[in-house]
Amino acid sequence: YVKALEYLNKSLALSRPTDDPRIRSYPTALIGQVYERQNKPALALKAYMHALTLNREGNDPRHEAYILNNIGRVQEALGFTEEAVKNYAQALTLNRSTGDRFGESGTLYRIAKLEQATGKLKDAKLHSEQSIAIIESLRAGVASQDLRSSYVATVHQQYELYIDILMSLHAAERSAGFDR
């Protein structure tokens, strides 16, 4: 992590002379990811918020959605559920407006995960199903069987979440058939 931060700070310094704040937002967001992985949520949130400001100045709505997801994830971890929901909703709108189906699937996953954690299992099921439908449509468009398998391996957590949600629903409503 120390080396990663060193290189990212160098990248940030090299990007400063450009007059494009969007370019500076990329290493800033990555710095946030390093802090998040180091379990330093306050520093991660600060970096993400700065990246969001830079990104909005540079007007890159696709990357803005990813930053909003990162902010939401940290807020969720800190227990700021309402703020996380708002950021995920903004990210979802941006994913859809930019046609970023992969990003949309990831945002729907984050929303479903948060809904599961807060006991909104039916909403979580719906959003999880929407996420998986996008995954399946993207997977179907990949020509190579090896690449399809590789892609599914990167999104397995969406399927695991869906199974967890169905099993929780089954525990609450045994006769509803969620176990099937």
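Where in the structure is the place of Asn-59? In this predicted model, Asn-59 sits in the loop between α3 and α4, and its backbone is one of the points taken up below, after the nonpolar cores.

**Nonpolar cores**

- The largest nonpolar core is made up of 20 residues, and those with the most contacts inside it are Ile-31, Ile-67 and Ile-71.
- At least two residues of this core come from each of the helices α1 (2–15), α2 (21–37), α3 (41–58), α4 (61–77) and α5 (81–98), with α3 giving the most, namely 6 residues.
- Once its neighbours within four places in sequence are left aside, Ile-71 is in contact with Leu-45, Tyr-48, Met-49, Leu-52 and Asn-87.
- Apart from this core lies another one, which has 9 residues, including Tyr-109, Ala-112, Ala-124 and Phe-178.

**Asparagines with positive phi**

- Most residues other than glycine have a negative phi.
- Asn-39, although it is not a glycine, has a positive phi of about 60°, and this residue is found in the loop between α2 and α3.
- Asn-39 has a relative accessible area of 63%, and because residues over 50% count as exposed, Asn-39 is described as exposed.
- Asn-59 is likewise a residue other than glycine with a positive phi, in its case near 60°, and the loop that holds Asn-59 is the one between α3 and α4.
- With a relative accessibility of 60%, Asn-59 also counts as exposed.

Notes: Residues numbered from 1 in each chain as written. Predicted model: local features only at pLDDT ≥ 70, side-chain atom pairs only at ≥ 80, totals over all residues. Heavy atoms only, no water. Core = buried A, V, L, I, M, F, W, Y, C linked by side-chain atoms within 4.5 Å. Buried < 20%, exposed > 50% of the residue type's maximum accessible area, 1.4 Å probe, protein only. Helix = DSSP H or I, 4+ residues; strand = E, 2+ residues; numbered from the N terminus. Contact = heavy atoms within 4.5 Å.
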